[in-house]
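Me: Please take a close look at one part of this model for me: the place where the two chains meet. Then set it in the context of the chain around it.

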Amino acid sequence: MAQPTDWSPIWISMEASVTATIITLVFGLAAAFWRERHNGVTMALFDGACLLPLVLPPTVVGFFLLLLFGRNGPLGRLLGRIGASVVFSRPATVITAAVVAFPLMYLTSRAALEQVDSRFLEAARTLGASEWRVFREIALPLAWPGVLAGTILSFARALGEFGATLMLAGDIPGKTATIPIAIYFAVEADDMRSAVAWCAVDVVISLALLGGLYYWTQAQGPARWARR
Amino acid sequence: MPLEVHIEKTLAEFALDVAFQAEDEPLGILGPSGAGKTMLLRCIAGLEHPNRGRIALGGRILLDTGRGIRVPARKRRIGMLFQHYGLFPHRSVRDNVGFSLRQLPAAQRDRRLRLMLEQMHAAELEPRYPRQLSGGEQQRVALARALASDPEALLLDEPLSALDAHLRSQMEAQLQETFSSYRGPVLLVTHNFEEAYRLGAQLLVLSRGRIAAFGPREETFRRPPSVEVARLTGCKNISQARMVAENTIEAVQWGCRLRIAQRLAGPVGHVGIRAHHLDFADPAGGTEEQNVFACWLVRSSETPFRISLYLRLHRPPEQSGAYELQAEVFKEKWERFRHLPQPWRVKLSPEFLFVMPESGSMESA
């Protein structure tokens with residue numbers, strides 16, 4: 001029976017999801033904004049690569065990551081040179097969560113940015129704004145509700161990540177065991193009390209997050225642009 | 001500071017291919033919708049990339065595809081007023097107008113911002129958001145925003161089309177005021193020939209991506225170089241024509257011979273006369289009078305001060321409602337002859353008739 005006082009999966013899960021969400025937010029937005037301004041056949045390939053983790057089963061994603069970060073994988077070797085290893089480590093939980101959450105962030109951000117009238121961006125450019133300023137001051141604020149939705153989806157996906165995490169990070173209690181992994185192994189060990197407890201924790205975290213974001217969007221929404 | 005433009009760009013239905021030079025005065029760009037007017041402005045502003053071309057403003061080269069130069073929009077220092085203004089909805093008027101002034105010290109920025117808004121008679125709008133502004137107010141703020149960046153050229157895309165008639169004349173006066181104090185080329189796109197005439201000292205007529213006419217507005221309106229330009233500048237009466245003698249032509253659709261004042265050079269393709277230039281001669285006058293023909297009224301349509309008369313030449317109207325000429329007269333004048341027995345006698349004065357070369361010979365001209 002698992003230690004009921006071992007709350008480590010909460011912190012591991014939270015750390016992995018929050019970090020992964022921040023990473024996907026930055027990279028997903030950057031990719032979406034960059035993609036917005038480019039068109040062509042090669043861009044379809046770029047889209048495919050970005051969306052692959054969404055369509056592949058998580059175990060396949062985990063397996064690819066294992067190949068990539070394994071001792072003989074291209075990234076694994078690179079990291080090995082500086083004496084670091086990702087497999088079965090805490091960063092692995094972040095990496096897998098980020099990889100599986102990325103497509104959701106990318107898709108929703110792109111949809112949100114596409115909705116922004118390009119005249120606003122063009123007007124900003126003719127007024128001398130750099131691309132960074134166009135993005136930060138015009139595109140992002142106008143796309144914000146959609147970007148926020150993408151962030152929620154990404155966080156939810158990261159929090160629920162199981163398959164790929166198990167492949168790359170394993171289930172080392174106190175180190176890489178996240179809440180979903182703790183639930184799985186609790187059920188496997190026939191420890192229903194722990195399983196139910198972890199499920200309840202997951203529900204509470206999810207609801208608190210959604211509630212918090214709901215209030216925040218209400219405060220941040222287009223209402224502040226002064227309705228007529 | 002002249003603006004030299006040479007642009008070639010393939011579009012979906014035709015190619016934009018223009019070359020002209022605009023001086024420090026307003027240039028009206030007139031053309032039907034889909035003629036490439038907006039695309040032309042966007043290419044100059046750097047928002048679209050021509051396939052080939054060269055754009056120079058003063059001494060600065062903004063585009064030279066031959067030498068691989070393409071200055072990005074933000075470095076062109078060209079102000080653009082978009083058709084629906086493109087004010088940032090999440091920024092106040094203050095932040096919109098101050099958008100290009102961020103590098104300035106706060107005090108200086110404030111001063112310039114106030115000056116710009118005052119010039120546009122929009123000082124009281126400073127704390128508001130675009131959503132709280134009327135169409136005319138948005139227009140003034142957008143103009144203040146474009147001018148705040150101190151652009152070396154100003155491009156306006158259909159600046160009046162989104163406004164209702166009353167505001168339009170007000171904004172037109174505002175634009176005229178702005179243009180008169182602005183130093184630099186101003187390009188103004190419109191599909192309304194009256195607007196183009198009132199606002200642009202020079203006129204460029206664009207048709208399917210090509211320049212159909214370019215020059216002083218008076219010249220373009222007095223002697224349109226082609227049927228297309230005649231139509232776009234509002235000419236209602238156009239007939240195919242043949243040269244008969246040195247100063248006489250035969251108008252095919254109108255079925256008559258006409259004396260003309262213009263010296264003919266090259267083959268004649270069409271003849272035209274503007275609706276308000278048609279005159280009605282004394283019904284008792286002799287038939288030998290020049291360019292006077294019998295006509296019957298087919299139908300008429302009224303505007304508040306004028307009336308349009310659709311006329312059948314040489315014979316009474318038929319069921320079909322076909323007509324040859326459209327005349328426009330003030331109602332006071334109309335009242336004087338409306339009750340006179342028909343046929344009336346319409347006069348096509350030689351000095352108002354203009355002939356246009358055959359469309360084939362335009363290309364080489």
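Reply: Together, chain B and chain A bury about 2,400 Å², and carbon and sulfur atoms account for 61% of that area. The size of an interface is often given as the accessible area lost when the parts come together. On the chain B side, the greatest losses to chain A fall on His90(B), Phe99(B) and Arg131(B). Those residues together make up 29% of what that side buries. The model is a predicted one. In terms of residues, 27 from chain B are in contact with 22 from chain A.

Now the charges at this interface. Side chains of opposite charge can pair when their charged atoms come close. Between chain B and chain A the count is 3 salt bridges. One pairing across the two chains is Arg91(B) with Glu137(A), at 2.7 Å from N to O. Over all chains, the structure holds 33 salt bridges.

Next, pairs inside chain B. Glu335(B) and Arg338(B) meet through their side chains in a salt bridge, 3.3 Å from N to O. Glu335(B) counts as partly exposed, with 44% relative accessibility. Arg338(B) also counts as partly exposed, at 36%. Elsewhere, salt bridges that share partners form one network. Its members are Arg133(A), Arg136(A) and Glu137(A), along with Arg91(B) and Arg102(B). Arg91(B) is thus tied to Glu137(A) directly, by the 2.7 Å salt bridge.

A further pair is Arg114(B) and Glu126(B), whose closest N and O atoms are 3.1 Å apart. This salt bridge links distant parts of the chain, 12 residues apart. Arg114(B) sits in helix H3, residues 106-119 of chain B. Glu126(B) belongs to the loop between H3 and helix H4, the latter covering 135-148. Their cover differs in class: Arg114(B) is partly exposed at 38% relative accessible area, whereas Glu126(B) is buried at 14%. The cut-off explains the split: Glu126(B) counts as buried because its 14% is under 20% relative accessible area.

Glu48(B) and Arg42(B) form another salt bridge, with the closest N and O atoms 3.0 Å apart. Here the arginine is buried, and Arg42(B) has a relative accessible area of 15%.

Away from these pairs, consider Pro357(B). This proline lies in strand E21, residues 354-357 of chain B. Pro357(B) counts as partly exposed, with 29% relative accessibility. Pro225(B) is 132 residues away along the chain, but the C-alpha atoms of Pro357(B) and Pro225(B) are separated by 7.4 Å.

That leaves chain B as a whole. Chain B has 10 helices and 21 strands. Its C-alpha atoms fill a box of roughly 80 × 50 × 35 Å along the principal axes. There are 365 residues in chain B, and 51% of them count as buried. Take the contacts in chain B between residues at least 6 apart in sequence: 63% of them join residues at least 24 apart. Chain B exposes about 17,100 Å², with 48% supplied by carbon and sulfur atoms. Chain B carries 48 positive and 42 negative charges, and the mean positions of the two sets are 5 Å apart.

Key:
Residues numbered from 1 in each chain as written. Chains lettered and ligands numbered in written order. Predicted model: local features only at pLDDT ≥ 70, side-chain atom pairs only at ≥ 80, totals over all residues. Heavy atoms only, no water. Helix = DSSP H or I, 4+ residues; strand = E, 2+ residues; numbered from the N terminus. Buried < 20%, exposed > 50% of the residue type's maximum accessible area, 1.4 Å probe, protein only. Contact = heavy atoms within 4.5 Å. Areas by Shrake-Rupley, 256 points an atom, 1.4 Å probe, with all protein chains shown as cover. Lys, Arg positive; Asp, Glu negative; His and termini not counted. Charge placed at Lys NZ, Arg CZ, Asp CG, Glu CD. Buried area = accessible area lost by both parts, 1.4 Å probe. Salt bridge = Lys/Arg side-chain N within 4 Å of Asp/Glu carboxyl O.
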